[in-house]
Amino acid sequence: MKQTECVQAPTGRDHVAARGMAWLALVVLWWAAPVAQATPGPDFSALFGDSDFIEIIERDEGLETRPTGYVSQDAEPDHVFRIDLDEGQVPIGQGVVYDGFLIDGKLPGPTLRVTEGDIVRMEITNSGDVMHGASIHAAYTQTSKHVGHILPGQTKSVTFRATTPGVFMYHCAPGGHAIPMHVMFGQYGMIVVEPRDKSYQLEADLGQEPDLKLYMLQHELYASGKEAVEGDASYTAFNGQLFRYVENPIPVRPGDYVRMYFMNIGPNLLSTFHIVGIVWDYVYWQGHPEARWPGGQTVTTGPSDSWVIEFRIPPEEGVYTMLDHGVGATSRGAIGLLDARADADTPSEVLADGPTYDEGERAERIGEARRILSPFGIPAAETNPVPARADRPVRFGDDVDEVVIEMKGNSFYPKVVEVASGTKVTWVNEDVFTYGLGETSGAHNAVVMSGPQSFATAMLSHAESDSVTLTEPGTYNYICAPHPYMEGRIIVRDPD
Amino acid sequence: MKQTECVQAPTGRDHVAARGMAWLALVVLWWAAPVAQATPGPDFSALFGDSDFIEIIERDEGLETRPTGYVSQDAEPDHVFRIDLDEGQVPIGQGVVYDGFLIDGKLPGPTLRVTEGDIVRMEITNSGDVMHGASIHAAYTQTSKHVGHILPGQTKSVTFRATTPGVFMYHCAPGGHAIPMHVMFGQYGMIVVEPRDKSYQLEADLGQEPDLKLYMLQHELYASGKEAVEGDASYTAFNGQLFRYVENPIPVRPGDYVRMYFMNIGPNLLSTFHIVGIVWDYVYWQGHPEARWPGGQTVTTGPSDSWVIEFRIPPEEGVYTMLDHGVGATSRGAIGLLDARADADTPSEVLADGPTYDEGERAERIGEARRILSPFGIPAAETNPVPARADRPVRFGDDVDEVVIEMKGNSFYPKVVEVASGTKVTWVNEDVFTYGLGETSGAHNAVVMSGPQSFATAMLSHAESDSVTLTEPGTYNYICAPHPYMEGRIIVRDPD
Amino acid sequence: MKQTECVQAPTGRDHVAARGMAWLALVVLWWAAPVAQATPGPDFSALFGDSDFIEIIERDEGLETRPTGYVSQDAEPDHVFRIDLDEGQVPIGQGVVYDGFLIDGKLPGPTLRVTEGDIVRMEITNSGDVMHGASIHAAYTQTSKHVGHILPGQTKSVTFRATTPGVFMYHCAPGGHAIPMHVMFGQYGMIVVEPRDKSYQLEADLGQEPDLKLYMLQHELYASGKEAVEGDASYTAFNGQLFRYVENPIPVRPGDYVRMYFMNIGPNLLSTFHIVGIVWDYVYWQGHPEARWPGGQTVTTGPSDSWVIEFRIPPEEGVYTMLDHGVGATSRGAIGLLDARADADTPSEVLADGPTYDEGERAERIGEARRILSPFGIPAAETNPVPARADRPVRFGDDVDEVVIEMKGNSFYPKVVEVASGTKVTWVNEDVFTYGLGETSGAHNAVVMSGPQSFATAMLSHAESDSVTLTEPGTYNYICAPHPYMEGRIIVRDPD
């Protein structure tokens with residue numbers, strides 16, 4: 001599993017400044033003498049190569065609105081970010097371990113930071129067992145054909161120019177049905193594009209940079225794919241751990257200038273972030289410095305919506321509680337503390353990355369877990385002594401002659417059923433995006449892996465069903481063939 | 001069933017221009033010599049007739065904020081829109097047919113477009129079996145007394161001036177409890193008021209009109225009224241069909257200027273619309289050109305909230321995926337594609353109307369359906385081989401002595417129960433707006449239509465209940481008398 | 001139970017004006033001659049006393065953004081608000097009584113109004129049986145250490161300067177897990193900070209003050225703590241009563257200027273407020289006069305988000321319906337009417353306080369209730385003839401050998417179970433914030449209060465469980481010891 005690296009291109013900022021001047025010249029030229037626009041200079045060529053759409057690029061460079069993010073895939077990057085997509089387990093606090101999809105072995109993935117105008121290359125490796133991919137919201141250009149489908153073992157990359165300042169999401173996106181699924185299963189992170197020339201207002205007001213840059217992701221964790229589709233979250237968290245900043249409050253000093261980069265990943269719930277004792281100085285919609293409002297107590301933030309929030313710690317020591325004011329969510333984990341003391345050692349930044357553990361610590365926490373939370377699998381009973389509701393077996397009486405198991409959100413629901421022998425078991429596919437086959441489709445079947453009898457249903461499109469009747473008592477473990485992480489179990493008992 | 005017609009009034013724009021100058025003169029006069037304001041000129045009289053509130057109208061015409069939408073019901077319209085309200089079935093894709101309430105036989109209804117300042121007449125016909133009505137969010141004036149209650153067979157109209165630019169919802173609104181019900185059941189559409197004098201910013205930046213005007217409604221579909229009240233959607237869609245623009249991607253060219261008129265109908269879920277590979281150039285809250293923000297990756301949009309979104313297709317071919325980034329919703333249908341190719345034939349507009357079918361095609365699709373989705377009825381088993389969860393019978397064992405059926409969202413829940421003979425069946429009305437009687441109230445009862453025994457409960461207000469005990473085995477079909485589309489079924493089985 | 005009082009400090013506005021001039025002088029001095037800033041004048045000292053952070057205060061007084069709300073706890077207040085926190089029952093309309101947590105015996109609590117720059121003292125008394133506290137969103141300063149923990153019988157206070165205009169929430173906040181719980185259970189209200197120097201735009205446009213100031217809170221009511229955590233609301237309301245303004249429409253005249261102070265308390269659902277027949281003149285995000293947008297049909301408002309909304313009643317009589325356009329919520333209670341008539345007697349203001357009753361009226365309404373709604377208790381059957389779903393007993397058959405009861409949202413779920421003797425009953429704590437013990441923690445146990453056998457589980461942290469097996473038939477009533485209002489019941493029946 002590789003870690004993120006940020007490689008500063010050798011030419012660095014001088015390179016960009018030179019390029020910027022070249023653009024400026026080009027733009028001036030373009031406005032002054034339209035005839036000249038068909039002959040871009042050498043820097044232009046380095047950025048845009050032999051694009052078939054050079055006239056569009058030239059048009060866009062000269063606009064009042066900024067250019068798109070398109071550059072040649074050969075353009076020299078200012079930043080290279082390498083991330084790794086995989087499946088696995090991470091501790092999330094309160095004795096719970098999450099078994100889902102990860103970036104760099106973490107949930108959320110690394111916090112990526114660039115400056116407006118930077119050329120960014122993302123190199124994405126799939127170290128997992130299923131196809132992954134990437135969607136990078138800071139990229140105002142085609143990305144899906146470059147990094148939309150990355151097979152296990154493959155590395156792919158995409159290069160773009162970050163032209164819009166703001167707080168953006170990036171996430172796994174292998175296409176189709178798998179886009180929502182892989183987001184629900186945990187593969188996401190934050191990428192921030194800092195404005196280049198104009199900063200945020202409180203920096204001007206105070207005449208200083210922030211004392212603390214606080215990168216904060218709110219996100220949800222689900223015990224089954226069905227609950228994920230329906231927005232029935234087991235937990236919410238800030239930056240990957242339940243009550244992370246209750247257990248380790250963020251130290252600040254009275255008077256500190258805090259700039260918060262807040263994003264709600266969702267993937268379903270609204271967040272209205274609030275801090276007890278703080279009224280915002282300024283908020284910036286999706287982090288754009290020109291989309292500014294003063295005041296306010298909360299920020300209403302849908303999934304993949306974001307804000308930059310600026311405030312000062314008041315001149316009084318004490319604890320300032322951060323929470324989602326949709327308090328059902330708060331009670332499930334999205335709460336933390338800023339602890340203001342005069343002698344505090346305020347960190348210059350707190351990143352949105354999920355916690356990292358060395359291998360020993362990770363193994364120890366997993367070993368001590370009271371609960372494994374898996375949106376699609378059935379955690380082993382010995383490591384999951386107090387299962388989430390979705391993992392508790394559902395027992396049907398002897399007088400039940402048919403049981404329906406829904407396939408929804410790449411999970412079976414109920415995951416585990418106990419039935420009398422001779423009961424008809426019917427699967428209905430309630431996933432809707434069932435074009436094609438394979439992991440990126442929501443088409444499902446049920447295929448036995450172990451048990452007294454063999455069975456396999458047809459491959460089911462949306463609102464299709466198939467049934468089996470099991471007569472041999474025993475335990476049947478089955479999966480969905482194109483989604484082998486989808487686990488179901490049928491316990492057939494002897495007739496009384 | 002009639003279709004929408006847009007009738008351009010004969011005097012057209014010259015008429016309006018003349019009237020505009022008359023107003024201007026009036027306003028100038030009003031400010032310059034307040035004494036003169038009590039003697040409005042002839043155009044003023046044509047617009048405002050013999051209003052009892054002429055002083056208010058005069059005050060409002062001269063404000064920095066715009067006038068309200070009030071005009072005399074006799075004012076000559078620039079547009080006449082005729083829509084038809086009915087109940088019926090429409091295919092919604094993926095083998096599913098929706099059985100609900102429709103406008104012009106479609107879901108959503110027709111996309112209506114006018115320009116700021118236009119006089120608009122809506123003529124609304126009720127071709128259905130229950131009372132309907134209309135609420136038109138672009139109308140800043142009394143509408144409910146004109147078109148709030150339209151009986152079956154009636155046509156009513158309302159005339160207003162569209163004074164605020166933006167993207168608005170219109171929908172059925174027969175009053176009281178029926179307002180939320182008829183919205184939940186599918187009667188809605190989009191009405192856009194284009195700004196007259198100032199356009200949207202990207203038009204100025206690019207010096208051209210949009211290549212594509214894309215009108216997009218997101219909406220939810222429910223399998224039962226109870227699930228509709230609780231926000232437990234079976235499906236979400238863009239413009240009336242699951243994956244409509246996955247099956248038929250919208251063709252665009254790199255460089256195209258797209259203006260999107262986006263509205264989330266809801267009726268319950270939040271939408272955060274996003275396009276993979278696009279960062280917005282500008283967004284305009286509820287489509288008002290002066291409520292503008294630059295940048296951003298999503299728009300957080302509650303039910304009946306809207307945005308104009310402007311962006312360019314980047315200079316690279318490929319697919320740009322449109323989705324609600326609340327990905328539980330995405331997985332249920334709210335996803336589509338913009339397919340960028342250099343040789344594409346970009347349509348000048350894509351309307352938000354639901355698909356239309358000729359009668360043969362409609363009948364064929366309904367005949368081939370795998371599922372009928374009905375928020376209040378019980379689809380016949382032969383046309384509904386794989387029912388939604390809400391339509392699956394719920395079987396109670398012999399040791400159950402009482403079963404509770406909730407009335408909620410103008411539906412019975414469970415819709416179908418199987419009980420042993422002698423079981424007490426109790427209905428509880430969980431609808432809350434139960435003032436009055438009739439279809440526009442949430443007062444309910446249960447009256448047998450067929451079965452071995454007759455029964456009828458009392459008419460129930462909120463949190464009232466009534467019971468029957470059925471001893472004769474057989475199948476009982478019953479309805480709610482004031483909501484005859486509300487269907488319930490009790491299967492009484494012989495005691496063992 | 002005490003009522004709110006507003007005490008005007010003797011020095012009143014002259015005092016503030018003088019202080020204002022002193023600040024101005026200070027600020028001028030500070031900019032002109034930084035050396036002087038270390039010697040604040042006497043007013044400065046009265047406000048900020050012997051703060052350890054005087055340099056921060058001086059910095060903040062001179063900023064382009066406003067100061068924080070910090071003042072010395074000894075500063076002389078312009079307003080003293082006294083509120084009382086308690087537990088109890090209130091009628092909420094439609095035959096339903098709510099049994100939860102209250103402020104001044106009401107739900108919502110009193111509407112508090114101050115002007116930007118005012119010094120505010122909140123004196124908060126706990127007349128209840130459990131710890132309470134307060135969070136006041138208008139206070140941009142430390143409050144939790146002053147009023148975060150108020151024991152039964154105690155009165156505590158906090159003094160702050162209201163420096164940001166807007167519409168804010170205040171609510172009970174005893175810390176930790178109890179913050180979301182006490183909000184869910186009903187302890188909240190509105191505090192408005194009117195701008196001092198600049199008013200809202202429509203006041204300038206019209207050259208008059210509003211005819212009607214309409215303070216409106218939308219909020220949800222829950223039948224169990226579990227449903228409260230999961231956002232499954234039984235009811236929604238405006239200002240504390242289902243259909244309050246349907247039963248008593250608010251009278252207005254055509255042409256009236258209405259300023260609405262709208263806040264969505266939540267605590268979970270989004271609101272998109274709309275009025276049929278009205279397009280807004282202006283909306284102000286969270287009520288800040290500088291965060292203004294024109295037009296629009298709705299305001300998307302998450303929990304603890306707010307808007308000032310300005311509009312005029314159109315020049316036509318009739319009813320204008322106010323509703324949350326998330327219509328599932330509407331159907332559960334969030335609907336009301338503005339009734340426009342030429343001869344109406346428009347009230348100058350409508351407050352957001354919940355209804356008040358004299359003791360006789362209150363007792364009568366409670367006595368006549370069809371339903372008691374209690375998020376954590378089990379209402380007595382005689383006063384609760386038609387219980388909410390969460391209060392209906394859940395009966396398990398003789399072949400069930402284990403029943404799981406979740407502890408969630410300070411409630412047991414199911415609240416009432418019936419099992420055969422010998423059935424194993426297992427409690428799982430699904431509350432997540434389970435640090436510490438006591439009412440402010442989500443750690444729970446189950447301790448019998450009455451029944452044939454005694455039992456007590458271990459105190460359970462998150463995702464911990466404990467079991468008992470009851471063999472003696474009969475009815476067992478039990479509670480959670482640190483949350484004695486949490487009631488559960490097990491009915492053990494004889495084996496057949």
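**Fold and three-fold arrangement of chain A**

Chain A contains 10 helices and 30 strands, assigned as DSSP runs (H or I, at least four residues, for helices; E, at least two, for strands) and numbered from the N terminus. The model is predicted, so that local features need pLDDT of at least 70 and side-chain atom pairs count only at pLDDT 80 or more, while totals for chains, interfaces and linings use all residues. Residues are numbered from 1 along each chain as its sequence is written, chains are lettered from A in the order in which they are written, and side-chain values use heavy atoms, with hydrogens and water left out.

The C-alpha trace of chain A spans about 90 × 60 × 40 Å along its principal axes. Its radius of gyration, 26 Å, agrees with the value near 23 Å for a compact globule of 496 residues; this quantity is taken over C-alpha atoms, and the globule rule is 2.2 Å times the number of residues to the power 0.38. Of the 496 residues in chain A, 67% are buried (under 20% relative accessible area, 1.4 Å probe, protein chains only). Among contacts (heavy atoms within 4.5 Å) with a separation of 6 or more, 70% in chain A join residues 24 or more positions apart.

A turn of 120° with a shift of 0.0 Å along the axis lays chain A on chain C with an RMSD of 0.0 Å, by least squares on the C-alpha atoms of residues with pLDDT of at least 70 in both. The two copies are therefore related as by a three-fold rotation axis. In chain A, the C-alpha of Leu270(A) is nearest the axis, at 4.5 Å. The copies use different surfaces, as 3% of the contact residues of chain A recur in chain C.

Notes. Buried < 20%, exposed > 50% of the residue type's maximum accessible area, 1.4 Å probe, protein only.
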